[in-house]
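Got your viewer open? Load the model shown here and keep the selection box handy.

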Amino acid sequence: MSILPGRQGALESAHGTGKGRERFTAFLSDPQSEQTVQQCVTEMALSFSSVHSGGILRANAHLEKSRSPMALMVDISNTELPVNEVHRLAEVCEPGVSVVVVGDRNDVGLYRDLIRAGVSDYIVKPLTRSLVQSAIDTVLGSASPGTTPLSQKSGRVVTVVGARGGVGATTVASNLAWYLANKESRRVCLVDLDVHYGDCALTLDIKLDGSAGLREALESPTRIDDLFLDRAMVRSGDRLFLLSSEEKLESPLRLDPAALAPLFEVLRKQFHYVVVDIPRDNGTFLHQMLDLSTTRVVVLDQTARAIRDTLRLRTIIDAPHLGQRNLVVLNRLGEGGKSEIGLATLADTIGMPVDATIAYHPKSVIAAANAGRPIAGEKGPIAASIANLASEMSGRHVAQRRPFWSRLK
Ligand SMILES: Nc1ncnc2c1ncn2[C@@H]1O[C@H](COP(=O)(O)OP(=O)(O)OP(=O)(O)O)[C@@H](O)[C@H]1O
Ligand SMILES: [Mg+2]
């Protein structure tokens with residue numbers, strides 16, 4: 001591996017803290033190509049760039065644990081299923097990364113498949129400096145600003161709103177974010193929009209260090225950019241980031257609802273999922289946030305009040321835009337015993353199907369609190385339901401556990 005002069009070790013430390021992204025990173029599988037790309041990087045004075053040996057397999061392993069660069073060059077020579085590896089790359093990369101592939105096969109079919117998979121360019125070895133320079137220009141946007149990112153999609157914005165207080169919206173949002181980050185290896189940002197009473201950090205046992213990052217972002221939308229957010233977020237593990245504030249109750253807030261759109265625009269480029277926990281008391285914020293979300297999760301329980309408030313929420317979430325979806329989660333299932341409203345009646349009354357249920361299970365809550373871990377990280381019915389909800393959301397199938405006798409048949 002070689003790194004630009006003066007940048008020894010910078011790549012590792014950037015990955016360790018999650019701060020900062022490289023501009024350009026290359027993984028080449030032979031020393032000659034590695035040297036040519038390194039020369040170009042030096043000649044073009046590309047700061048925050050690095051060139052590594054190892055090709056696409058190493059790139060995939062590396063990016064699974066690290067922040068993605070803005071632009072990437074990967075070598076597919078000697079790779080058995082190169083297009084599959086490019087699809088895998090799209091999975092591990094942050095949304096919005098532009099990719100140039102280098103290979104040793106001059107094959108039109110392969111070229112077409114790679115472009116279809118979202119690659120910006122394919123260059124065939126032996127590499128020359130001019131070939132590499134124009135490829136780097138392309139992916140960094142100076143030659144063609146419209147370069148396609150590997151993953152065309154931006155990350156998804158999942159807003160979780162409780163039909164009424166205490167139904168478990170924060171529990172669902174926090175554990176869903178934790179599960180997607182820790183069990184599905186997605187890069188996830190959990191945004192706690194309740195700047196006064198928010199308790200996502202508490203739920204996940206994350207220390208905030210008096211951070212006011214979210215308030216500052218919402219008060220001064222013009223300051224929002226990658227760097228500002230990097231500083232504002234608190235990291236928990238490899239892939240989960242929390243954006244929140246702990247504001248004193250008496251501190252006056254000048255939150256600007258118009259800041260939500262630019263904030264989430266930047267977040268969607270950095271994360272596969274942006275999970276939002278939102279209080280219900282600020283109508284303008286709620287409207288705006290639900291409008292720009294790709295998935296709106298309504299959490300309710302089996303009480304008449306929750307049903308009434310779900311009906312009120314429907315006035316905002318009905319008629320979703322193209323690509324938007326609503327998910328209804330019934331939490332605390334069974335809490336009221338026999339006297340509570342049945343599932344079929346409830347779905348009928350709210351006029352929406354119940355997409356997921358979570359059993360009322362205080363034991364799981366206590367066990368997780370005692371272990372100092374999120375409920376989704378412990379065994380039990382709540383964790384299993386969160387796993388199902390996450391797979392419903394990501395489209396990945398979670399194997400249903402079959403009872404052992406059904407396997408004997
Ligand atoms: N399925 C469940 N079984 C048992 N306890 C639960 C369940 N879901 C949530 N709880 C507990 O209920 C309490 C309220 O949950 P939570 O804070 O997530 O609700 P909320 O809707 O975010 O409330 P608020 O309106 O105050 O923001 C918490 O103590 C939580 O641990
Ligand atoms: Mg809450």
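Here is a tour, stop by stop, starting with the whole chain.

Before you click, note that this is a predicted model: local features need pLDDT of at least 70, side-chain atom pairs count only at pLDDT 80 or more, and totals for chains, interfaces and linings use all residues. Residues are numbered from 1 along each chain as its sequence is written, and chains are lettered from A and ligands numbered from 1 in the order in which they are written.

**The whole chain**

Switch to cartoon: you should see 17 helices and 14 strands. These are DSSP runs (helices are H or I, at least four residues; strands are E, at least two), numbered from the N terminus. Of the chain's 409 residues, 42% count as buried, meaning that 20 or more other C-beta atoms, placed from the backbone, lie within 10 Å of a residue's own (12 or fewer is exposed, in between is partly exposed).

**Strands S2 and S3**

Select 24-28 and 49-53. Strands S2 and S3 run parallel and are joined by five bridges; Leu 28 has Ser 53 in S3 as its bridge partner. Now add 31-43, which is helix H2: the chain passes through H2 on its way from S2 to S3, in a right-handed β-α-β crossover. (Right-handed: with the strands pointing away from you, the path from the first strand over the helix to the second runs clockwise.) S3 is mostly covered, with four of its five residues buried.

**The eight-stranded sheet**

Next, colour the open, mixed sheet, whose order is S9-S10-S8-S11-S7-S12-S13-S14. Strands count as paired if DSSP finds at least two bridges between them. Strands S9 (234-236) and S14 (356-359) are the edges, each with a single partner strand, so one side of each has no neighbour in the sheet. At the S14 end, three bridges join it to S13, running parallel, and Leu 330 pairs with Thr 357.

**Ligand 1**

Finally, centre on ligand 1. How many residues surround ligand 1? There are 16, and the closest are Gly 162, Gly 165, Gly 168, Thr 170 and Thr 171; the cut-off is a C-beta atom, placed from the backbone, within 6 Å. Helix H7 (169-182), strand S13 (325-333) and helix H15 (362-371) each supply at least two residues of this shell, and H7 gives the most, with three. By class, the shell has seven nonpolar, eight polar and one charged residues. Nonpolar here covers Ala, Val, Leu, Ile, Met, Phe, Trp, Tyr, Cys and Pro; charged covers Asp, Glu, Lys and Arg; the others, Gly among them, are polar.
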